Amino acid sequence: MRKPIIAGNWKMNKNRDEALQFVYAINKEVPESELVESVICAQAPVLRDLVKRQGDNLRVGAQTMHELDNGAYTGEISADLLDNIGVTYVIIGHSERRAYYNETDEKINKKLHQAFRYGLTPILCVGESLELREAGDTDNFVKDQVTKALKGLGSEQVKELVIAYEPIWAIGTGKTATSEQANDTIKGIRGVVKDLYDEETAEALRMQYGGSVKPHNVDELLAQSDIDGALVGGASLDPESFLTLVKAGLK
């Protein structure tokens, strides 16, 4: 039985005061972490503040990190720093990072290795454009992304990984893949992992759906056989909305 995981990706939203108010509002309401994992991924300057104030059942994640230990990389964040301040999750390979900052599959693979070196749990994002979906190339494209991202990782590492399937055409657009479409693609990813490793690894791997997940559609998505959680953007910015999403993982 895979434990559900709901992660909010705040992107470039919330200042320090707003972020702390959010955490104070949800800390006592978040379900027990043994039942469902609740994660907030925030902007780098507030991560330590959030870690210091997270309750027993809430965890904090970063939205990106660099693949090297240190060096002359102005504006970047190291895995060493994230680990040092108590961050436990990190999003890697989000489509916005791929599109706006030219993150390649090879760089994403290096980041995954680096995250595991420092004991961080990566949330690996994969997903296709609308053009690829309409051309019927979703499965091949996502398979290629997953295969390149996992290169050189051991099965025990992959078991600890979280993969978020986020069709690019559904991010922030109000469009959502149907629950069946999302589940079919995620089931396909599980099949890719089985082929690369083994059935045990594939069945242990947790996978989220992301892309306009809202309180009104989360139950249907989480009811699917292979969807273990959600990576949520806009709907994670409101405390009440986030709690609704997290509590959906209990059903």
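## Close-up views of a predicted barrel model

**View 1. Helix α7 meets helix α9.** On the α7 side of this contact sit T138, V142, K143, V146 and T147, and they meet T185, I189, V192, V193 and L196 of α9. As in every view here, the model is predicted. Sorted by class, the residues of this contact are six nonpolar, three polar and one charged. The axes of α7 and α9, the latter covering residues 179–196, come within 10 Å and cross at roughly 45°. That angle falls between the bounds for roughly parallel (under 35 degrees) and roughly perpendicular (65 to 115), so α7 is oblique to α9. The crossing of α7 past α9 is right-handed.

**View 2. Helix α7 meets helix α5.** Stay with α7 and look at its contact with α5, which spans residues 105–117. These two helices pack at an angle of about 45°, and their axes lie 8 Å apart. Therefore α5 counts as oblique to α7. From α5 come D105, E106, I108, N109 and L112, while α7 brings D144, Q145, K148 and A149. What classes of residue make up the contact of α5 with α7? There are three nonpolar, two polar and four charged residues.

**View 3. The barrel of strands.** Here we turn to the strands. Eight of them form a closed barrel with parallel pairing, in the order β1-β2-β3-β4-β5-β6-β7-β8. On average, neighbouring strands of this sheet are turned by 25° against each other, with direction ignored. Helix α7 appears in this view too: α7, residues 138–149, packs on the sheet and touches both β5 (121–126) and β6 (162–165). The direction of α7 makes about 150° with that of β5.

**View 4. Where β1 pairs with β8.** Which strand does β1 pair with over four bridges? Strand β1, residues 5–9, pairs with strand β8, residues 229–232, in the parallel sense. To find one bridge for yourself, start at A7, whose bridge partner in β8 is L231.

**View 5. Helix α1 meets helix α12.** This view shows α1 (residues 16–26) together with α12 (residues 239–248). Their axes come within 10 Å and cross at roughly 50°. That makes the two oblique, α1 to α12. The crossing of α1 and α12 is right-handed. Look for F22, A25 and I26 on α1, and for P239, F242 and L243 on α12, since these residues make the contact. By class, the contact of α1 with α12 has six nonpolar residues, with no polar and no charged ones.

**View 6. Stepping back to the whole chain.** After the close-ups, here is their setting. The protein chain has 12 helices and eight strands. Its C-alpha atoms fill a box of roughly 45 × 45 × 35 Å, taken along the principal axes. How does the radius of gyration of the protein chain, with 251 residues, agree with that of a compact globule, and what is the value? A compact globule with 251 residues would have a radius of gyration near 18 Å, and the protein chain has 17 Å, which agrees.

Notes: Residues numbered from 1 in each chain as written. Predicted model: local features only at pLDDT ≥ 70, side-chain atom pairs only at ≥ 80, totals over all residues. Heavy atoms only, no water. Pairing = 2+ DSSP bridges. Axes fitted to C-alpha atoms, helices over the stretch in contact; angles between N-to-C directions. Contact = heavy atoms within 4.5 Å. Parallel < 35°, antiparallel > 145°, perpendicular 65-115°, else oblique. Left-handed = near helix turned anticlockwise from the far one by under 90°. Nonpolar A, V, L, I, M, F, W, Y, C, P; charged D, E, K, R; others polar. Rg over C-alpha atoms; globule rule 2.2 N^0.38 Å.
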